[in-house]
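Visitor: Please choose one part of this structure and examine it closely. I would like a connected account that begins with the part itself and then moves outward to its surroundings.

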Amino acid sequence: MNSISFDVPAGRVAALVGPNGAGKTTTIRTLCGILSPTAGELNIADASLNNDPLEVKRRTAYVPDDPPLFDSLTVDDHLRFVASAYRLSEWETYADELCERFDLTEKRHTIASGLSRGMRQKVAIVCAYLRRPDVLLLDEPMTGLDPPSIRRFKETVREQADRGATVLVSSHLLLLVEDVCDHLVLMRRGEVLFHGPLQQAREQFGGDTNSLEEVFFRLTAEPESTSDEFTSHADPLT
Ligand SMILES: Nc1ncnc2c1ncn2[C@@H]1O[C@H](COP(=O)(O)OP(=O)(O)OP(=O)(O)O)[C@@H](O)[C@H]1O
């Protein structure tokens with residue numbers, strides 16, 4: 001990563017997109033404290049990752065692209081574990097609702113090793129939502145989900161933003177991510193080429209189709225040296 005800077009306001013869903021190797025996963029893993037930056041300042045929901053990493057972790061939920069569940073624990077065990085680790089109160093009704101919406105109710109007593117790839121993904125998403133975090137960092141969350149689950153995911157991600165959370169969704173599924181995002185962070189080779197409202201990106205770079213796909217192809221095809229002019233904000237990463 002090379003001097004990247006972007007911000008995503010609370011209540012927004014931002015698409016984090018870019019070609020393979022652009023640095024999306026590295027960015028997300030740095031934001032949630034798994035990787036340590038060699039320099040720079042990261043602020044999550046008013047907490048500094050440098051000065052108060054525990055507070056950042058408390059406020060942030062991360063769903064990796066291949067969620068590491070505990071193979072011998074059931075879906076219910078995972079929910080109880082999250083509730084206990086984060087000292088959640090009155091979480092059971094919300095857990096029931098989330099399991100119902102993601103079609104996991106029948107699987108609540110199944111151990112993780114007996115779940116399909118998509119079901120594991122849904123368990124990880126439900127565990128993240130259960131905490132009602134200020135920030136959701138979701139790495140390729142729609143990969144492996146069936147169409148009803150993708151629809152649920154899109155609805156629920158919007159609901160998370162509506163309650164005030166900041167959501168960052170890394171995805172290559174531009175058509176799907178476009179439906180749910182109102183903000184864009186576009187990366188290539190460790191640099192941020194654009195960050196700002198999706199509508200602004202569409203107006204500037206969307207061409208006749210006004211689509212995220214067109215924005216993606218136009219910006220990632222540009223030479224790196226002109227990247228500064230695409231950045232709509234230059235605030236510290238928050
Ligand atoms: N564990 C690692 N050790 C060394 N280099 C790594 C490691 N993980 C990723 N990289 C390198 O960091 C760069 C960014 O990788 P990253 O996984 O963040 O990209 P990405 O945008 O998420 O890619 P993709 O779309 O393929 O998932 C790549 O050049 C990659 O080779």
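**A strand and its surroundings**

Guide: Leu 16, in strand 1, has Val 185 of strand 7 standing opposite. The model is a predicted one, in which local features need pLDDT of at least 70 and side-chain atom pairs count only at pLDDT 80 or more, while totals for chains, interfaces and linings use all residues. Residues are numbered from 1 along each chain as its sequence is written, and side-chain values use heavy atoms, with hydrogens and water left out.

Strand 7 covers residues 183-188. Strands here are DSSP runs of E with at least two residues, helices are runs of H or I with at least four, and both are numbered from the N terminus. Two strands are said to pair if DSSP finds at least two bridges between them. Strand 7 is joined to strand 1 by 4 bridges, and the two run parallel. Besides the position of Leu 16 and Val 185, Ala 14 faces His 183 across this pairing.

Strand 7 also pairs with strand 8, this time in the antiparallel sense, through 6 bridges. Met 187 has Val 192 as its bridge partner in strand 8. Strand 7 and strand 8 form a hairpin with 2 residues between the strands. Within that loop, between strand 7 and strand 8 (191-197), Arg 189 has a positive phi of about 45° although it is not a glycine. For context, most residues other than glycine have a negative phi. Arg 189 is exposed, with a relative accessible area of 56%; exposed means over 50% relative accessible area, buried under 20%, and partly exposed in between, with a 1.4 Å probe and protein chains only.

The strand itself is in another setting: 6 of the 6 residues of strand 7 are buried. In a regular strand the side chains alternate between the two faces of the sheet. Strand 7 is covered on both faces, with His 183, Val 185 and Met 187 buried on one side and Leu 184, Leu 186 and Arg 188 buried on the other. Arg 188 is thus counted as buried, whereas Arg 189 is exposed.

On the parallel side, strand 1 (residues 13-17) is likewise mostly covered, with 5 of its 5 residues buried. One of its faces carries Val 13, Ala 15 and Val 17, the other Ala 14 and Leu 16, and all are buried. Strand 1 pairs with a further strand, strand 6 (residues 166-170), in the parallel sense over 4 bridges. The bridge partner of Val 13 in that strand is Val 167.

Strand 1 ends at residue 17, and the residues around the ligand include Pro 19, Asn 20, Gly 21, Ala 22, Gly 23, Lys 24, Thr 25 and Thr 26, together with His 172. A residue is taken as near a molecule or strand if one of its heavy atoms lies within 4 Å of it. By class, this shell has 2 nonpolar, 6 polar and 1 charged residues. Ala, Val, Leu, Ile, Met, Phe, Trp, Tyr, Cys and Pro count as nonpolar, Asp, Glu, Lys and Arg as charged, and the others, Gly among them, as polar.

Oxygen atoms of the ligand take part in several polar contacts, each a pair of N or O atoms within 3.5 Å; within protein, one must be able to donate a hydrogen and the other to accept it, and residues adjacent in sequence count only if both atoms are side-chain atoms. A polar side-chain atom of Thr 26 lies 2.5 Å from a ligand oxygen. Gly 21 contributes a polar backbone atom at 2.8 Å from a ligand oxygen, and an N or O atom in the side chain of Thr 25 is 2.9 Å from one. On its own the ligand has 640 Å² of accessible area, of which the protein covers 41%; such areas come from the Shrake-Rupley method with a 1.4 Å probe, and for residues only the protein chains shown count as cover.

Cys 181 precedes strand 7 (residues 183-188) in the numbering. The structure holds 0 disulfides, a disulfide being a pair of cysteine sulfur atoms within 2.5 Å. The sulfur of Cys 181 is 18 Å from the closest cysteine sulfur, in Cys 32, which is too far for a bond. Cys 181 is also buried, at 9% relative accessibility.
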